[in-house]
Amino acid sequence: MLDKLQVLEDKYMDLTEKISDMEVINDQKVWQKYMKEHADLEPIVNKYREYRNVLNDLRESKSILEEESDEELRELAKMEISELEGQVEPLEAELKILLLPKDPNDEKNVIVEIRGGAGGDEAALFAGNLFRMYSRYAERRRWKIELLSASDTGVGGYKEVSFLIKGKGAYSRLKYESGVHRVQRIPATESGGRI
């Protein structure tokens with residue numbers, strides 16, 4: 001894994017040089033291609049550098065522990081070793097996740113369709129709640145929403161609503177959002193007075 005990460009870091013450094021080269025900057029298509037590749041590698045390289053720094057600090061602390069005779073320094077080294085060893089495993093797990101191959105569609109936009117099923121006004125109200133939930137989620141991620149079609153009811157819900165979510169990583173975040181959802185509650189349209 002470390003060899004692969006080193007190769008990726010070398011490629012990242014090469015891309016860093018290329019994107020600052022005036023000949024490449026003048027050719028916008030090539031420059032954009034390099035910039036995208038550079039941006040894709042950046043989180044992996046940053047995490048690898050953090051991991052490498054932790055390993056180096058761990059090695060230095062262990063050498064201090066072996067060579068030093070001052071008891072205070074040895075205690076500090078022991079504390080640092082235990083702290084650093086706790087960081088190694090989570091960093092390795094994050095690196096493994098970052099090295100997984102990406103879905104080529106992950107950066108694309110996504111169309112979401114919500115339909116109120118059996119249940120009349122209650123199903124439509126729930127569909128409206130889902131639409132508002134996805135809208136707010138998209139706003140928090142700074143994605144744009146474009147309403148494609150909507151068939152609303154008189155009570156504030158939707159029989160059917162379709163919308164496009166535009167933004168970086170929208171598909172990767174929402175591609176597993178499918179299926180049938182069911183809610184059971186006391187209807188807002190009920191006049192019986194139950195809470």
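These legends describe close-up views of two pockets, one helix and several salt bridges in a predicted model.

Local features need pLDDT of at least 70 and side-chain atom pairs count only at pLDDT 80 or more, while totals for chains, interfaces and linings use all residues. Residues are numbered from 1 along each chain as its sequence is written, and side-chain values use heavy atoms, with hydrogens and water left out.

**View 1. The largest pocket has a volume of about 670 Å³.** A pocket is an open set of points on a 1 Å grid over the protein atoms alone, where a 1.4 Å probe fits, with protein on both sides within 12 Å along at least five of seven lines. Its volume is the space filled by probe spheres set on the points, which are joined across faces, edges and corners. Lining residues have an atom within 4 Å of a point. There are 28 of them here, and Arg 115, Leu 130, Gly 179, Val 180 and His 181 lie nearest the centre. β1 (110-115), α5 (121-140) and α6 (170-174) each give two or more residues to this lining. Such elements are DSSP runs numbered from the N terminus: helices are H or I with at least four residues, strands E with at least two. By class, the lining has 14 nonpolar, seven polar and seven charged residues. Nonpolar covers Ala, Val, Leu, Ile, Met, Phe, Trp, Tyr, Cys and Pro; charged covers Asp, Glu, Lys and Arg; the others, Gly among them, are polar.

**View 2. The second largest pocket holds about 510 Å³ of space.** It is lined by 19 residues, with Lys 36, Asp 40, Leu 41, Lys 102 and Glu 107 closest to its centre. α1 (2-19), α3 (28-67) and α4 (71-99) each supply at least two lining residues. α3 gives the most, with six. The classes are ten nonpolar, one polar and eight charged.

**View 3. Helix α5 has 20 residues and spans 29 Å from its first C-alpha to its last.** That is close to the 28 Å expected at 1.5 Å a residue, the expected span being 1.5 Å times one less than the number of residues. Its buried residues (under 20% relative accessible area, 1.4 Å probe, protein chains only) include Leu 125, Leu 130, Phe 131 and Tyr 134. The buried residues of α5 pack against β1, β2 (144-152), β3 (158-166) and α6, contact meaning heavy atoms within 4.5 Å. Just after the helix, Arg 142 takes a positive phi of about 60°.

**View 4. Glu 75 and Lys 78 form a salt bridge within helix α4.** A salt bridge puts a side-chain nitrogen of Lys or Arg within 4 Å of a carboxyl oxygen of Asp or Glu. The closest N and O atoms of this pair are 3.9 Å apart. The two residues are three apart, about one turn of the helix. Glu 75 is partly exposed (between the buried limit and the exposed limit of over 50%), at 37% relative accessibility. Lys 78 is partly exposed too, at 39%.

**View 5. Glu 146 of strand β2 meets Lys 166 of strand β3 in a salt bridge.** The N to O distance is 3.1 Å. The pair links distant parts of the chain, 20 residues apart. Glu 146 is partly exposed at 36%, and Lys 166 is partly exposed at 35%.

**View 6. Arg 115 forms a salt bridge with Glu 113.** Their closest N and O atoms are 3.3 Å apart. Arg 115 counts as exposed at 56% relative accessibility, whereas Glu 113 is partly exposed at 49%. The structure holds twelve salt bridges.
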